[in-house]
Amino acid sequence: MTDAQSFYGRWARVYDWVASAPGVAAWRDRTADSLALAPGDTVVEMGCGTGANVPALRERVGPVGRVVGIDLTRAMLDRASGRPARTGESVHYVQADAARPPVRECDAVLATFVAGIFEDPAAAVDAWCDSVAPGGRVALLNFQRSPGALAAPLNLVFEGFVRLSAPGTRLSTRSHASAFERRVQAARERLTERTVDRRYETFAGGYLGLLSGTVS
């Protein structure tokens, strides 16, 4: 936990820049749509980072809904709170461990680009599903290597990206990307076990995978 806080605290500014890059907004809109949010809902983002998803989520729950962002790193939350587009009366940021969220009976949970960093991603997904009222949705958005025939050069870039973005040395295997993807797959398998009415889609040339489902 301390390693993760230190790592993401140092990289908060760069993370915010990448999270706001051109073209990323379309991914965030598709991810928010997968939650099937309605005005007045409460949606919780686990590992919210600098709050880049908040505008899309807030738009869907409306002024009487609530958006709660949970993150372990204070520097991330400070940057989120300092952006007017990511704050407001309906937005709340909480410093807590997303693997053990202090949340119950919300309408939806979103986790983007975080499933691969947990030691026990299946347990994290269990905690997220337990946080949602029956009939609510959970969505996981993650990077992955593309299976496309022409993707080999970019898959090497993905390997380097994972090495740079993983806190500590817990992914210190011959292939960081393979270890990362095993964790993502464990998270997806647990979400599949815990939900119905699932939907899986890929975009960005196969480098992004979005799995969502309804907690039964």
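Accessible areas come from the Shrake-Rupley method with a 1.4 Å probe. In this predicted model, the protein exposes about 10300 Å². Carbon and sulfur atoms supply 56% of that area. Of the 216 residues in the protein, 53% are buried.

The secondary structure comprises 8 helices and 7 strands. Contacts in the protein reach across the sequence. Among those between residues at least 6 apart, 69% join residues at least 24 apart.

The largest nonpolar core contains 26 residues. Within this core, V44, M46, I70, V109, W128, V138 and L140 touch the most other members. Strands and helices both contribute. At least two residues each come from β1 (42–46), β2 (66–71), β4 (106–112), β5 (132–143) and β7 (208–215), and likewise from α6 (121–130) and α8 (176–194). Helix α6 gives the most, with 5 residues. Apart from this core lies another, of 22 residues. Its members include A32, V67, A80 and L141.

V138 belongs to the largest core and is among the residues that touch the most other members. Neighbours within four places in sequence are left aside here. V138 is then in contact with L35, V109, W128, C129, V132 and L191. L211, S212, G213 and V215 are also in contact with V138.

Helix α5 spans residues 74–81, and M76, L77 and A80 are buried there. These three residues cover an arc of only 95° around the axis, so they lie on the same side of α5. A80 is also one of the members of the 22-residue core.

How values were computed: Residues numbered from 1 in each chain as written. Predicted model: local features only at pLDDT ≥ 70, side-chain atom pairs only at ≥ 80, totals over all residues. Heavy atoms only, no water. Buried < 20%, exposed > 50% of the residue type's maximum accessible area, 1.4 Å probe, protein only. Helix = DSSP H or I, 4+ residues; strand = E, 2+ residues; numbered from the N terminus. Arc of directions from axis to C-beta. Core = buried A, V, L, I, M, F, W, Y, C linked by side-chain atoms within 4.5 Å. Contact = heavy atoms within 4.5 Å.
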